[in-house]
Amino acid sequence: MPPSTASTTPSQANRLTSPANAAAGSAPAPASAPTRAPATVPGAAARLGFCTLEQQLSAEELELRGALPKWLSGSLLRTGPAKFELGEQHMRHWFDGLAMLHRFSISDGEVSYGNRFLESRSYRASREQGEMIYGEFATDPCRSLFKRVQTLFSGGGVLTDNANVNVTKLGERFIAMTETPLPVQFDPRTLKAAGVRPYEAPGQLSTAHPHADRTSGAMLNYAAKLGSRSSYRFFEVPAHSPAGRPAATRVISSLPVREPAYMHSFGLTERWLVLAEFPLVVNPLALALSRRPYIENYRWKPDLETRFTLVDRATGQALQGFRTDACFAFHHVNAYEHADEVIVDICTYPDAGIVEDLYLERLRAGKPISSATLTRFRLRPAERSVTRERLADSDIELPRINYRRCNERPYRYVWGNGVGPSGWLERIVKIDTHDGATATWSQPGSYPGEPVFVARPEAEREDDGVLLSVVLDAAAGASMLLVLDAADLSELARAQVPHHIPFSFHGQFMRTA
Ligand code: CO
């Protein structure tokens, strides 16, 4: 284990920030720039992570350095964008790329790997016709106005199912998800898509960050139903449903809304579903009539502030009227009830500029992205009041917790990625929410993805386990699976992949039964 790669001093990275950002902030590389970044633009070294991967393979055994814990057995399943061009058309945003599934299977101290494009309806149509057929987050294939309106108000039939955001397990079914109502079921061994849609969310927009009901195993999620009268709908999908048929969803609560907010996730406590509405909002009719890509119809309206709603999981009744200063976020970290407060932790940005930051042209030019702050909101239902505080000096995105043990409950640790000197996510961080103490892993020229926590069986401590992160080594032009001790971020092992893996969003570790 190279000890030099682990560091517990975040200041080491901070010291390097200024000159790197200054360089990255200089003139952007032209779109035709060569793939290899000039040394004067540090952030551009990460650009390989935004390049298409066509290769699909199945590797029996990856070259392994270090030793894996004997108890670690199962598969890390991830999804992410992997193809950014279709014929003449180029995807414009990181969120647009065609989804690829990745599987790292660990058993008997060895790691096998497989990857495969997710055979969604969108993927198959694009491949067959050699061009983009369904609109994505920030790229749209110029459909007619009629089709556009039809898309929005006639249900999910013409929405993309390019599920490049997250994977989850519902009962015995493995599911890839994006932010439309159309998840895609797949086989966790072969990564081939299964034919049947597992369920369809009751709206046109949804999240790829569902929660699980501890008791029933049901999926809890939210959808926005757009129309002349729009609404937010929290809904539940049962863990088990008749084979070969989509599961029936049950709407828990329906909340009228005039201009729905862009929301990427939500919170859950033992009693409440927690909705945080950031003031990046859309007029549904304007969205239907617009010729702009989906996200470019949203408007930043800070006067609306950030508004919280608590929905009682048992009754569906809503408590509204919690307001605080405008901010933006993708990811809730955790939420729980404590005395007369509801604690809601979120990775926040001062505004929605991060959405702009993630356009591929900017990323490939090495422009630095905004960094997120771990923010604690304290909601007091009796007074309908909200206060907020920053929990750590370090920034953090793609947050993970010891979900099985701590979701909905008081917790202490959050793991995630921090922005490094290059202006891109370059560190793995662990934050102690009690005192803000931060541990960091980094390695020059390496870009780690979301660290997925896996608890050691029989563990007593909350942070007793490992982190699994797919890391791009830009100099080597290839990625690896990095395994860290979750307690101190020391390296346990790394398994080398024979090619690069484009930066991906989320994944889950599925234990071997
Ligand atoms: Co996400």
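**Cores, cavities and buried sites in the predicted model**

Phe328 is in contact with Tyr262, Phe278, Leu280, Trp300, Cys347, Thr348, Tyr349, Asp351, Ala352, Ile354 and Val355, leaving aside residues up to four places away in sequence. A second, separate core, made up of 22 residues, includes Leu68, Leu76, Val466 and Val470. As for the largest nonpolar core, it holds 94 residues, and those that touch the most other members are Trp94, Phe308, Phe328 and Trp424. Phe328, the residue that opened this passage, is thus one of these four.

It helps to set these cores against the chain as a whole, bearing in mind that the model is a predicted one. The chain contains eight helices and 36 strands. Of its 513 residues, 60% count as buried. Among contacts between residues at least 6 apart in sequence, 61% join residues at least 24 apart.

Empty space inside the model comes next. Rolling a probe the size of a water molecule over the atoms shows where such space is left. A search of the whole structure turns up five cavities of 30 Å³ or more. The second largest cavity has a volume of about 120 Å³. It is lined by 16 residues, of which Pro448, Gly449, Val470, Phe503 and Ser504 are the closest to its centre. Two elements, strand E31 (446–448) and strand E33 (465–473), give two or more residues to this lining. The largest share, three residues, comes from E33. Val470 links two parts of this account, being included in the second core and listed with the residues closest to the centre of the cavity.

Helix H3 (residues 121–129) offers a clear example of one-sided burial. Within H3, Ser122, Tyr123, Ala125 and Ser126 are buried. Viewed down the axis of H3, these buried residues fall within an arc of 170°, so they line one face of the helix. An α-helix has 3.6 residues a turn, so residues three or four places apart point the same way. The buried residues of H3 pack against three strands, namely E5 (85–86), E7 (98–107) and E8 (110–117). Just after H3, Gly130 adopts a positive phi of about 70°.

Three single residues in strands round out the picture. His211 lies in strand E13 (residues 211–212), and its relative accessible area of 11% puts it under the 20% limit, so it counts as buried. The side chain of His211 reaches the backbone oxygen of Phe266 at 3.0 Å. Not counting residues up to four places away in sequence, His211 touches Ala218, Met219, Leu220, Phe266, Gly267, Leu268, Tyr403 and Asn407.

Val184 belongs to strand E11 (residues 184–186) and is buried, with a relative accessible area of 5%. Its C-alpha atom is separated by 6.8 Å from that of Ala163, a residue 21 places away along the chain. Ala163 is also among the residues that Val184 touches beyond four places in sequence, as are Leu118, Phe174, Ile175, Arg197 and Pro198.

Gly418, in strand E28 (residues 413–419), counts as buried at 0% relative accessibility. The C-alpha atoms of Gly418 and Val429, 11 residues apart along the chain, are separated by 6.4 Å. Leaving aside neighbours within four places in sequence, Gly418 is in contact with Asp395, Trp424, Leu425, Glu426, Arg427 and Val429. Trp424 in this list leads back to the largest nonpolar core, where Trp424 is one of the residues that touch the most other members.

Notes: Residues numbered from 1 in each chain as written. Predicted model: local features only at pLDDT ≥ 70, side-chain atom pairs only at ≥ 80, totals over all residues. Heavy atoms only, no water. Helix = DSSP H or I, 4+ residues; strand = E, 2+ residues; numbered from the N terminus. Buried < 20%, exposed > 50% of the residue type's maximum accessible area, 1.4 Å probe, protein only. Polar contact = N/O pair within 3.5 Å; in protein donor to acceptor, adjacent residues only side chain to side chain. Contact = heavy atoms within 4.5 Å. Arc of directions from axis to C-beta. Core = buried A, V, L, I, M, F, W, Y, C linked by side-chain atoms within 4.5 Å. 1 Å grid on protein atoms, 1.4 Å probe; cavity = no way out; pocket = protein on both sides within 12 Å on 5 of 7 lines; lining within 4 Å. Points joined across faces, edges and corners; volume = space filled by probe spheres on them.
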